[in-house]
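Let's take a walk through this protein together, starting with the whole and ending with single residues. Keep the picture open as you read.

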Amino acid sequence: MIVLLQRVREASVSVEGKVVGQTGPGYLALVCAEAGDTDEKAVRAAEKTAKLRVFEDEAGRMNRSVLDAGGSVLAVSQFTLAADTRSGNRPGFSRAAPPEEGERLVGRYVETLRAQGLSVETGVFGAHMMVSLVNDGPATFWIQI
């Protein structure tokens, strides 16, 4: 499971010109299920997302989680994070989970975030999406479970 977390002031995702998900301060989480991923990996990735201490405390140090900071999450599926770009000029996507499995595992990730007490909105799995964000920092973190 790969999750690219971007700490944001705000983010939104649109499909066919309509906003389908948005967040204020918190994370834009780009989520990719890889072939062979399990529910356990999706749960661990969500728990890491909820508990990662990358939000500033009163002293300006990255010492608070998204939960501590009262933030929320916009989770967007992005199978292209599994791209193999090591050779040639055309990425290969054989490391990505099959669509049905990917959708299920991304859903498990979202369910687990919500169970942690986070407000979570999502994009539309498999749709062509337009994502807008204001990156805070910029601060971007790669999680691979």
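Before anything else, one term: a residue is called buried when its relative accessible area is under 20%, exposed when that is over 50%, and partly exposed in between. By that yardstick, buried residues make up 43% of the 145 residues here. Bear in mind that you're looking at a predicted model.

Now for the overall build. The protein has two helices and eight strands, and if you follow the sequence from start to end, they come in the order β-β-β-α-β-β-β-α-β-β. What about the general size? Measured off along the principal axes, the C-alpha atoms fit in a box of roughly 45 × 35 × 30 Å. A compact globule with 145 residues would have a radius of gyration near 15 Å, and the protein has 15 Å, so the two agree. The chain also meets itself over long stretches of sequence: of the contacts with a separation of 6 or more, 72% are between residues 24 or more positions apart.

Next, look for the hollows. The largest pocket holds about 360 Å³ of space. It is lined by 19 residues, and the closest to its centre are Ser-77, Gln-78, Phe-79, Gly-126 and Met-129. Strand 3 (26-32), strand 6 (72-77) and helix 2 (99-115) each put at least two residues into this lining. What kinds of residue are they? The lining has 14 nonpolar, five polar and no charged residues.

The second largest pocket has a volume of about 190 Å³. Its lining has another make-up: four nonpolar, three polar and five charged residues. Among the residues you can pick out there are Arg-7, Arg-9, Glu-56, Arg-64 and Asp-136. Strand 1 (2-15) and strand 4 (55-56) each supply at least two residues of this lining, and strand 1 gives the most, with three.

Let's go back to Phe-79, one of the residues closest to the centre of the largest pocket. The structure holds two aromatic pairs. In the pair of Phe-79 and Phe-93, the ring centres are 5.1 Å apart and the planes sit at 65 degrees; planes over 60 degrees apart count as edge-to-face, so that's what this pair is. Both Phe-79 and Phe-93 belong to the loop between strand 6 and helix 2, 14 residues apart. Are they buried or exposed? Neither label fits: Phe-79 is partly exposed because its relative accessibility is 49%, and Phe-93 is partly exposed too, at 33%.

While you're in that loop between strand 6 and helix 2, find Asp-84. Asp-84 has a relative accessible area of 23%, so it is partly exposed as well. Leaving aside residues up to four places away in sequence, Asp-84 touches Arg-90, Pro-91, Gly-92 and Arg-95. Compare that with Gly-107, which is 23 residues along the chain from Asp-84: their C-alpha atoms are separated by 24 Å.

For a last stop, try Ser-14, which lies in strand 1. Where does 16% relative accessibility put Ser-14? It falls under the 20% mark, so Ser-14 counts as buried. Setting aside residues up to four places away in sequence, Ser-14 touches Val-19, Val-20, His-128, Met-129 and Met-130. One of those, Met-129, should ring a bell: it is among the residues closest to the centre of the largest pocket.

Definitions and conventions: Residues are numbered from 1 along each chain as its sequence is written. This is a predicted model: local features need pLDDT of at least 70, side-chain atom pairs count only at pLDDT 80 or more; totals for chains, interfaces and linings use all residues. Side-chain values use heavy atoms; hydrogens and water are left out. On a 1 Å grid over the protein atoms alone, a cavity is a set of points where a 1.4 Å probe fits but cannot get out, and a pocket is an open set with protein on both sides within 12 Å along at least five of seven lines; lining residues have an atom within 4 Å of a point. Grid points are joined across faces, edges and corners, and a volume is the space filled by probe spheres set on the points. Helices (H or I, at least four residues) and strands (E, at least two) are DSSP runs, numbered from the N terminus. Ala, Val, Leu, Ile, Met, Phe, Trp, Tyr, Cys and Pro count as nonpolar, Asp, Glu, Lys and Arg as charged, and the others, Gly among them, as polar. Rings of Phe, Tyr and Trp (its six-membered ring) pair if their centres lie within 6.5 Å; planes under 30 degrees apart count as stacked, over 60 as edge-to-face and the rest as tilted. Buried means under 20% relative accessible area, exposed over 50%, partly exposed in between (1.4 Å probe, protein chains only). The radius of gyration is taken over C-alpha atoms; the globule rule is 2.2 Å times the number of residues to the power 0.38. Contact means heavy atoms within 4.5 Å.
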